[in-house]
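The following report describes the architecture of one protein chain. The sequence and the model are shown first.

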Amino acid sequence: MPGLLVLMGSGETSPTMVEIHRAAARTLRAGARAVLLDTPYAFQENRADISARARGYFARSVGLDVEVAPAITGADWVFSGPGSPTYALDRWAGSGVAGDLRARIRARTGVTVLASAAACTAGLATVPVYEIYKVGAEPHWREGVDLLEPLGLRAVLIPHFDNAEGGTHDTRYCYLGERRLSRMERELPPGTAVLGLDEHTALIIDLESESVRVAGRGGLTVRRPGSLTVLPTGTTTDLGELRSLAEGRAGTSVPLPRPDTASAGAPAEVTLEESIRSCEELFAAAADRPDMVAAAQAVLDLEAEIVKWAADTEEDAGGVEQARELMRLLIARLGERAQAADRRSEGLPALVEPLLALRAELRGKGCYDVADALRDAMGRGGVAVEDTPDGPRWSPAS
């Protein structure tokens, strides 16, 4: 079975990375054993919930029956993702998993997928992001698992390279920012490069052919003192060229993007943040016309995105909860529109019927709390809704 090493900058259980997971899974033999290493987030109280969502994602979107296991012996496909890089390092070193991961890469067999926190451990040193960004420790490195060494790469791997959550402060480079990363780079062993993986982006290395591909929404940055090269999505090259870039060899030709037949013509998946913004804009435009049918459809589209992204295990981004808050806000605005309407006008049914259809669809999907919020909003707007055995009935409230 050909070997693959797939490193992801983020979004490992989101819709943006489904096709990358599917392509890796297609290399597996029938009946292959797939293992999820939950170590990076094993300290969290919601450990079981994260694992269940990840398993559901791989079963539903990728067609893989994944088991959660503490070891990877005999596994054909191994995945590990979000959490704390240093927590994972400490446990993997003591349990032998770190050595087993290195052995897989040296043997160039099996599919190994590391994302986010787990990807952070793949180089010769690891960013202790929790300790630096959330606890306030002085910037420093921890020894990594160094899966890149068997491939001839002397480098560290930094996911979330283009993160922009900080807004008013620099959270690029896995929440380090330029100031801290520049300081930490000076502490690396001579000749060490930084490989930065953007969010929703993957570096795919075929361990047998040594082909290299950048896929997803962003790029791979090869950073050395005094030089920086960005390989955008769609770039295909090989390990020899990547080594040359990482080593800063004089005269190295920078590999340019070449057609990627695996994703040619396929539109890039939008992120949840982009979907939230789009639904909010569609709602605002429809409400201004006003077109309550289109406004209600925008809320339904937002609800569909929430379902689509429910398996995303990167909880620190808070995207799904943000989408839920927006959906509640939009439903409240629908109620305000109902209140502003002339209850005696003939246009009232045109306003109310789409809202009832939206409420019925929400109830059909089990979103009873949101459906109740919509009914209450309509009540405040002057429309009473009564559920009967024959379906909901509405009337202008007295």
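## Strand β4 and its neighbours

Ser80 of β4 has Leu114 in β5 as its bridge partner. This model is predicted, and in it β4 and β5 run parallel, joined by four bridges. On another pairing, β4 meets strand β2 (residues 34-36), again in the parallel sense, over three bridges. There, Val35 stands opposite Val78 of β4.

The side chains of β4 alternate in direction: Trp77 and Phe79 point one way, while Val78 and Ser80 point the other way. All four of these residues are buried. Ser80, the bridge partner of Leu114, and Val78, which stands opposite Val35, thus belong to the side opposite to that of Trp77 and Phe79.

## The eight-stranded sheet

Strands β2, β4 and β5 belong to an open sheet of eight strands, with the order β3-β2-β4-β5-β1-β10-β11-β14 and mixed pairing. At its edges are β3 (66-68) and β14 (236-238), each of which pairs on one side only. On average, neighbouring strands of this sheet are turned by 20° against each other, direction ignored.

Strands of a sheet pair through backbone hydrogen bonds, either parallel or antiparallel. The antiparallel sense is found between β10 and strand β11 (residues 211-216), which are joined by five bridges. Within this pairing, Ile204 is placed opposite Arg213 in β11. Helix α4 (residues 97-107) packs on the sheet, where it touches β1 (4-8), β4 (77-80) and β5 (111-115). The direction of α4 makes about 125° with that of β5.

## Packing of helices α1 and α2

How do the axes of helix α1 and helix α2 cross? The axes of α1 (residues 18-25) and α2 (residues 47-62) come within 10 Å and cross at roughly 75°. Angles of 65 to 115 degrees count as roughly perpendicular, and α1 and α2 are therefore roughly perpendicular to each other.

The contact involves Val18, His21, Arg22 and Ala25 on the α1 side and Tyr57, Phe58, Ser61 and Val62 on the α2 side. By class, the residues of this contact comprise five nonpolar, two polar and one charged.

## Residues with positive phi

Most residues other than glycine have a negative phi. Ser116 is not a glycine, yet its phi is positive, at about 50°. Ser116 lies in helix α5 (residues 116-120). Buried means under 20% relative accessible area, so Ser116, at 3% relative accessibility, counts as buried.

His200 is likewise not a glycine and has a positive phi, of about 55°. His200 is located in the loop between β9 (193-197) and β10 (201-206). Is His200 buried or exposed? With a relative accessible area of 13%, His200 is buried.

## The chain as a whole

The chain contains 14 helices and 16 strands. Of its 398 residues, 52% count as buried. The accessible surface of the chain comes to about 17,700 Å², and carbon and sulfur atoms contribute 50% of that area.

Among the contacts in the chain with a separation of 6 or more, 68% are accounted for by residues 24 or more positions apart.

Note on methods: Residues numbered from 1 in each chain as written. Predicted model: local features only at pLDDT ≥ 70, side-chain atom pairs only at ≥ 80, totals over all residues. Heavy atoms only, no water. Helix = DSSP H or I, 4+ residues; strand = E, 2+ residues; numbered from the N terminus. Buried < 20%, exposed > 50% of the residue type's maximum accessible area, 1.4 Å probe, protein only. Contact = heavy atoms within 4.5 Å. Areas by Shrake-Rupley, 256 points an atom, 1.4 Å probe, with all protein chains shown as cover. Pairing = 2+ DSSP bridges. Axes fitted to C-alpha atoms, helices over the stretch in contact; angles between N-to-C directions. Parallel < 35°, antiparallel > 145°, perpendicular 65-115°, else oblique. Nonpolar A, V, L, I, M, F, W, Y, C, P; charged D, E, K, R; others polar.
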